[in-house]
Amino acid sequence: MVIDDSKTIRRTAETLLKKVGCEVITAVDGFDALAKIADTHPNIIFVDIMMPRLDGYQTCALIKNNSAFKSTPVIMLSSKDGLFDKAKGRIVGSDQYLTKPFSKEELLGAIKAHVPDFTPVEQAS
């Protein structure tokens, strides 16, 4: 799942992930995501920090405080790479922190690190 209020980021991540065989669910903010998470039980969640209504920290905390999703890896996405932001991400339970713009390798690396049975499908471009 990719949660980001930026259509460009959502589309970029979705395209990269679909090319390697991932099923991708997108959400525009934390509220949108929480309903979809309950319905779809994603294997991994990428969440932007700066979003309207419910930011990434709040969204991550709500996911990690729910016993059904406590073990679901949550990867924070942010254009800020400060120590404070990374520490705050850890406090709310995030499993990793990627700085935007992220590369295909970073995105796939995060999935490989946190989703044990993930095997990317190499497709001819």
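The radius of gyration of the protein chain is 13 Å in this predicted model. A compact globule of 125 residues would have a value near 14 Å, so the chain agrees with that expectation. Along the principal axes, the C-alpha atoms fill a box of roughly 40 × 30 × 25 Å. Of the 125 residues, 44% are buried. The chain exposes about 6800 Å². Carbon and sulfur atoms supply 53% of that exposed area. Among contacts with a separation of 6 or more, 54% are between residues 24 or more positions apart.

The secondary structure comprises 5 helices and 5 strands. Along the sequence, they follow the pattern β-α-β-α-β-α-β-α-β-α. The strands form an open sheet with parallel pairing. Their order in the sheet is β2-β1-β3-β4-β5. Strands pair through backbone hydrogen bonds in such sheets, either parallel or antiparallel. β2 and β5 stand at the edges. Each has a single partner strand, so one side of each is left without a neighbour in the sheet.

Strand β4 spans residues 74–78. On one side, β4 pairs with β5 in the parallel sense over 4 bridges. In this pairing, Leu-77 stands opposite Leu-98 of β5. β4 is also joined to β3, again in parallel, by 4 bridges. Here Ile-45 has Val-74 of β4 as its bridge partner. Burial of β4 extends to 5 of its 5 residues, so the strand is largely enclosed by the rest of the structure. Both of its faces are covered. Val-74, Met-76 and Ser-78 are buried on one side. Ile-75 and Leu-77 are buried on the other.

Helix α3 holds Thr-59. Thr-59 counts as buried because its relative accessibility is 0%, under the 20% limit. A polar atom of its side chain lies 2.8 Å from the backbone oxygen of Asp-55. Beyond its neighbours within four places in sequence, Thr-59 is in contact with Ile-3, Gly-30, Val-47, Met-51 and Leu-54.

The model contains 7 salt bridges. One of them pairs Asp-4 with Lys-100, with the closest N and O atoms 3.0 Å apart. Asp-4 lies in the loop between β1 (2–3) and α1 (7–19). Lys-100 lies in the loop between β5 (96–99) and α5 (104–114). The pair therefore ties together parts that are 96 residues apart in sequence. Asp-4 is buried, at 0% relative accessibility. Lys-100, at 17%, also counts as buried because the value is under the 20% limit.

A second salt bridge joins Asp-29 and Arg-53, whose closest N and O atoms are 2.8 Å apart. This pair links distant parts of the chain, 24 residues apart. Asp-29 sits in the loop between β2 (26–27) and α2 (30–40). Arg-53 sits in the loop between β3 (45–48) and α3 (56–64). The two partners fall into opposite accessibility classes: Asp-29 is buried at 6%, whereas Arg-53 is exposed at 59%.

Asp-95 and Lys-64 also meet through their side chains in a salt bridge, at 2.9 Å from N to O. Asp-95 lies in the loop between α4 (83–91) and β5, and Lys-64 in helix α3, so the pair ties together parts that are 31 residues apart in sequence. Asp-95 has a relative accessible area of 25% and is partly exposed. Lys-64 is buried, with 10% relative accessibility. Shared partners also produce a network of salt bridges, which joins Asp-4, Asp-48 and Lys-100.

Methods
Residues are numbered from 1 along each chain as its sequence is written. This is a predicted model: local features need pLDDT of at least 70, side-chain atom pairs count only at pLDDT 80 or more; totals for chains, interfaces and linings use all residues. Side-chain values use heavy atoms; hydrogens and water are left out. A salt bridge is a side-chain nitrogen of Lys or Arg within 4 Å of a carboxyl oxygen of Asp or Glu. Helices (H or I, at least four residues) and strands (E, at least two) are DSSP runs, numbered from the N terminus. Buried means under 20% relative accessible area, exposed over 50%, partly exposed in between (1.4 Å probe, protein chains only). A polar contact is a pair of N or O atoms within 3.5 Å; within protein, one must be able to donate a hydrogen and the other to accept it, and residues adjacent in sequence count only if both atoms are side-chain atoms. Contact means heavy atoms within 4.5 Å. The radius of gyration is taken over C-alpha atoms; the globule rule is 2.2 Å times the number of residues to the power 0.38. Accessible areas come from the Shrake-Rupley method with a 1.4 Å probe; for residues, only the protein chains shown count as cover. Two strands pair if DSSP finds at least two bridges between them.
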